[in-house]
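Subject: Structure handover

Hello,

I am passing on the structure we spoke about, and below it you will find my notes on what turned up. Please read them with the model open beside you.

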Amino acid sequence: MMHKATVVTLLAGLVMLTGAPQALADEDGRNVAPENPPRVAQIVALDECDPVSFNAAVGEEGTGFCHNVTLYGLGLHFETSLGSLVGQANSGTPDPAWDFEPDQLTIAKGTTVSVVDQGGEPHTFTEVAQFGGGFVPDLNHGQDTIPECLGGFKNIAVARTRILQGSRLDVTGLSKGKHLFQCCIHPWMHVEVDVK
């Protein structure tokens, strides 16, 4: 009889545990991460805008478009002036320091792509059918603006993909297959995400 009661008690305990939420705790009862945490892949947006030349065109230094937070002012000359950026883009040789890293990413379905802007300028991370020109004609090297970038930030779909300096944008729910993303401001900044 004692043996039968022990078996029934164990079975009842197993049934209760099976229906319980899967929470883990350490010895002190604090919650710990589950064995299969959500998957996240990070992409970093990089640029080295020169605040003096950029903000002279779009606002006063410190309050304009370029809020360079990295190497400006150290005398190392990593920053790119607005004139240099436009000239390089028009010649078909855009500044390689203005980029998404990595340029290609393979992820499992269900992975969140987290894009962090570590540059001095805003960028967009806009999904496109094919790479092409953005909404700033002077940076397009003669390419037409692609449909997804038309209208700039007045286009709500583009505005939703904007990443301000120091912020991040999370992209979720990507279907299996190849996905192309580009910056609608600096169109040479682009990434291919392959979802397996």
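Before the sheet is described, it helps to know that two strands are said to pair if DSSP finds at least two bridges between them. Please also keep in mind throughout that this is a predicted model.

With that in mind, four strands form an open sheet, in the order 4-3-6-10, and their pairing is mixed. Strand 4 (99-101) and strand 10 (168-171) stand at the edges, and because each has a single partner strand, one side of each is left without a neighbour in the sheet. From one strand to the next, the twist averages 20 degrees. Strand 3 (residues 40-46) and strand 6 (residues 112-117) run parallel and are joined by six bridges, and Q42 has S114 in strand 6 as its bridge partner.

Two places in the backbone also deserve a careful look. The peptide bond from E101 to P102 is cis, its omega being near 0 degrees, and P102 lies in the loop that runs between strand 4 and strand 5 (104-107). H141, in the loop between strand 8 (126-128) and helix 4 (156-159), has a positive phi, near 50 degrees, although H141 is a residue other than glycine; with a relative accessible area of 44%, H141 is partly exposed.

Finally, the count of salt bridges comes to one: R168 pairs with D170, and their closest N and O atoms are 2.9 Å apart. R168 counts as exposed because its relative accessibility is 55%, whereas D170, at 37%, counts as partly exposed.

Best wishes

Methods. Residues numbered from 1 in each chain as written. Predicted model: local features only at pLDDT ≥ 70, side-chain atom pairs only at ≥ 80, totals over all residues. Heavy atoms only, no water. Salt bridge = Lys/Arg side-chain N within 4 Å of Asp/Glu carboxyl O. Buried < 20%, exposed > 50% of the residue type's maximum accessible area, 1.4 Å probe, protein only. Helix = DSSP H or I, 4+ residues; strand = E, 2+ residues; numbered from the N terminus. Axes fitted to C-alpha atoms, helices over the stretch in contact; angles between N-to-C directions.
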